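Got the viewer open and a selection box ready? Load the model below and we'll walk through it stop by stop.

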Amino acid sequence: MAFPKPQESVIQVTMHDDVLLQLSSMSNSGPSDPALPIKIAKLEARMAGKASQLVTQSARQEANTLSPHPSFVNQLTVSSSIDSDDEECGGFRLQANPRKRKTMKEWAEGDAASLEEAVEGKRHSQDLGEHADFGDREDSRGKKRGRGRGQGPSKPRMLKVKADADMGLATEVPSTSDDGLLTQETIEIPKGLGEDERAQLQEEIDSLKMSSSLYHEELAKARQETSEAQQTCQQLEKDLKDSREQEQLREQQRLKVVSDLLIAVAKSERQDARAKVRQDIARLGGIGVMRAGTVISEVWEDGQTPKDIQVRLRSLLEQKTAIDKHKKLLKRRQSEKLESSTVEPAMSEEESLAMEEVYRTRLLSIKREEEVTLRDKERYEHEKACHIREMKRIRDEDGSRFNHFPILHNRYALLNLLGKGGFSEVYKAFDLVDYKYVACKLHGLNAQWGEEKKRSYVRHAVREYNIHKGLIHNHIVRLWDIFEIDQNTFCTVLEYCSGKDLDATLKATPSLPERDARSILVQIFSGLVYLNRRAQRIIHYDLKPGNVLFDEVGVAKMTDFGLSKIVEDEVGSQGMELTSQGAGTYWYLPPECFEVHKVPLISSKVDVWSAGVLFYQMLFGRRPFGHDQTQERILREDTIVKAHKVEFPSRPSVSSEAKDFIRRCLTYNQADRPDVLTAAQDPYLSYVKRKP
Ligand SMILES: Nc1ncnc2c1ncn2[C@@H]1O[C@H](COP(=O)(O)OP(=O)(O)OP(=O)(O)O)[C@@H](O)[C@H]1O
């Protein structure tokens with residue numbers, strides 16, 4: 001509901017002079033007659049025998065263009081037309097009044113001569129002119145004219161017509177009382193008038209008195225209404241203020257309830273996570289402490305599952321050995337069958353063939369069991385990797401200074417830690433303003449760092465923010481906000497991706513079916529095409545499994561633009577200079593990034609190479625170059641500089657189209673490698689709708 005502004009509803013009621021005018025503007029119903037002031041003036045003038053002058057002046061002032069002819073009859077005609085034809089007069093409408101027009105006309109016809117003489121004659125014309133002008137208009141000297149002689153503007157209006165000796169007319173003095181009520185002090189009818197006219201005049205005076213009293217009542221009513229309206233208005237304002245305060249209170253309560261619920265859920269998730277880790281420690285293993293002299297180090301201690309797997313494998317090995325032994329014995333017996341010295345009874349040929357078959361089938365069965373156990377062992381290794389990741393997450397969460405569910409920036413309710421990067425902690429959080437989950441990345445500056453290093457880190461983060469915030473694409477994580485927490489910590493707010501990241505996915509399932517891997521690749525290229533079609537092109541430069549996240553429905557999204565490069569317009573076809581050589585994750589970077597003899601020139605082809613490595617890893621469960629090497633070893637052994645040709649394992653089996661696409665992405669020579677836009681148009685990446 002829209003409440004009017006208080007000042008709009010206030011009606012001024014203190015101006016006695018303008019009471020009638022205000023009434024007429026306030027009320028459109030009942031006896032309100034906006035033409036009344038004019039009528040009164042005309043009547044006064046007529047009674048004073050100066051109707052013509054009044055009319056002339058009134059007409060001249062209000063209409064100006066109407067008949068300039070001084071003739072009284074003409075002027076009356078003008079007057080009559082103004083009086084009756086609803087024309088504007090000083091801002092008020094003159095209502096039609098045929099009865100009055102008739103009177104005036106009659107009067108004009110009956111006593112035209114004497115009235116004309118009076119008009120020509122003269123005096124008090126100024127008075128009458130003033131009476132005829134009901135508005136508070138300024139005269140030519142710029143002064144406000146009063147409505148009665150000697151009266152200040154705030155005095156009640158006196159409609160006074162003085163006796164005019166020259167005209168031989170007695171003066172009828174209708175006036176308004178202090179509160180605006182029309183009164184009649186003396187009534188003397190002009191001598192020259194007949195009975196009818198006198199009666200008519202008397203009738204008009206009575207009628208005016210009646211109207212005046214009605215207006216008076218209306219004024220009182222309007223005043224009353226105004227005061228009531230003011231009270232209502234004040235009450236409404238108060239109500240509005242109260243309800244706003246209540247709403248604020250309710251909003252705070254709502255937020256409290258929501259955040260309490262979220263915190264309760266988060267706490268229970270924390271408990272579940274810890275209980276699961278405890279179970280998994282018993283099942284999969286955990287970190288123990290080993291002491292060697294004064295040195296205490298952490299060691300991995302196996303849980304029950306790897307122990308069981310070991311026992312099964314050992315048992316299978318023992319069974320295999322035993323069968324092999326029996327097989328050998330059987331063979332020896334068969335060869336010694338004819339020797340009489342043999343203690344054991346001789347075995348028929350058929351029996352010995354049957355025994356051979358028993359041993360063979362048993363060995364095959366052991367082999368199958370072994371394969372199953374080895375698969376279990378592999379699964380265990382993946383579970384162990386996730387378990388170690390989760391243990392690390394919990395340890396990081398326990399050690400975090402933001403683990404007590406704070407509300408940051410009056411808006412983001414921090415819940416549980418999602419993970420910890422090099423210099424940041426990422427928390428799942430709830431946005432209490434937009435009511436959605438977000439990921440809050442808390443960047444902590446190391447207190448030990450010097451001022452310059454801190455400044456450089458912040459500069460870097462702000463640069464990343466400025467690049468990332470403008471990127472709006474389905475396959476790029478949205479960056480919503482950035483704010484400072486304290487001198488050494490600030491936070492970026494990101495779209496929350498509730499699925500695992502690709503790194504975690506590949507740890508749990510090292511190789512994906514080709515169809516799944518291709519779908520992820522297509523999405524990555526969609527994001528890359530967006531980055532290369534913008535006015536300000538961007539090279540991501542840090543494409544790796546950890547920087548590909550999945551939302552709740554499995555849509556892949558690129559994130560982390562910390563190392564990304566803006567491609568300036570003037571960059572030539574060779575590419576732009578790489579000024580941050582050494583940064584990045586070497587398994588995923590192309591050979592040109594390791595150029596040492598000159599400043600490397602790079603382009604979007606860096607991302608094409610990284611996407612090729614990612615695709616290879618998704619398909620084969622390992623990286624094409626330096627898979628088992630550390631970053632340092634890759635650099636030392638020039639692993640990528642030597643990565644001229646990509647080799648494919650025989651298993652799992654992958655389509656030749658996929659391999660060919662990987663070869664194109666991993667083209668050693670940058671000039672021969674397709675750029676993002678060309679690679680994205682590769683037939684391998686295009687989906688065509690199959691005809692039914
Ligand atoms: N928007 C997000 N939604 C959900 N989880 C996220 C989001 N951003 C990051 N994470 C998770 O938070 C963890 C830490 O992320 P972060 O980006 O800090 O790690 P990183 O990339 O390993 O570190 P660094 O940026 O230092 O290389 C990762 O496990 C990541 O999956």
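**First stop: helix 13**

Select helix 13 to start: 16 of its 16 residues are buried, so the helix is mostly covered. Buried here means under 20% relative accessible area, exposed means over 50%, and partly exposed is in between, using a 1.4 Å probe and protein chains only. Helices (H or I, at least four residues) and strands (E, at least two) are DSSP runs, numbered from the N terminus. Put a distance label on the end C-alpha atoms of helix 13 (residues 605-620) and you get 23 Å, which agrees with the 22 Å that 16 residues should span at 1.5 Å a residue. The expected span is 1.5 Å times one less than the number of residues. Then click on Gly621, which follows helix 13 and has a positive phi, near 75°.

Before moving on, a word about the ground rules. This is a predicted model, so local features need pLDDT of at least 70 and side-chain atom pairs count only at pLDDT 80 or more, while totals for chains, interfaces and linings use all residues. Residues are numbered from 1 along each chain as its sequence is written, and side-chain values use heavy atoms, with hydrogens and water left out.

**Zoom out: the whole chain**

Show everything as cartoon: the chain has 16 helices and 18 strands. Of its 692 residues, 43% count as buried. Switch on a surface and its accessible area comes to about 38900 Å², with 52% belonging to carbon and sulfur atoms; such areas come from the Shrake-Rupley method with a 1.4 Å probe, and for residues only the protein chains shown count as cover. If you like contact maps, 61% of the contacts between residues at least 6 apart in sequence join residues at least 24 apart. A contact means heavy atoms within 4.5 Å.

**Helix 8 and its neighbours**

Now select residues 304-335. That is helix 8, with 32 residues and a reach of 46 Å from first C-alpha to last, close to the 46 Å expected. Colour its buried residues: Pro306, Ile309, Leu313, Leu316, Ile323 and Leu330. What covers them? Among the cover are helix 7 (195-283), strand 6 (295-302) and helix 9 (349-399).

Next, pick Glu370 in helix 9. Buried or exposed? Glu370 counts as buried, because its relative accessibility is 18%. Leaving out residues up to four places away in sequence, Glu370 touches Leu313, Leu316 and Lys320.

Back in helix 8, find Asp324, which counts as partly exposed because its relative accessibility is 32%. From its C-alpha to that of Leu363 is 8.5 Å, although the two are 39 residues apart in sequence.

**Last stop: the ligand**

Centre on the ligand and select its shell of 18 residues, the closest being Gly422, Ser424, Glu495, Cys497 and Asp501. A residue joins the shell if one of its heavy atoms lies within 4 Å.

For polar contacts, look for pairs of N or O atoms within 3.5 Å:

- Asp501: a polar side-chain atom lies 2.6 Å from a ligand oxygen.
- Glu495: a polar backbone atom is 2.8 Å from a ligand nitrogen.
- Ser424: a side-chain N or O atom is 3.0 Å from a ligand oxygen.

Taken alone, the ligand exposes 610 Å², and the protein buries 79% of that.

Finally, highlight strand 8 (412-420), strand 9 (424-431), strand 10 (436-444) and strand 12 (489-495), each supplying at least two residues of the shell. Strand 8 gives the largest share, 3 residues.

Methods
Polar contact = N/O pair within 3.5 Å; in protein donor to acceptor, adjacent residues only side chain to side chain.
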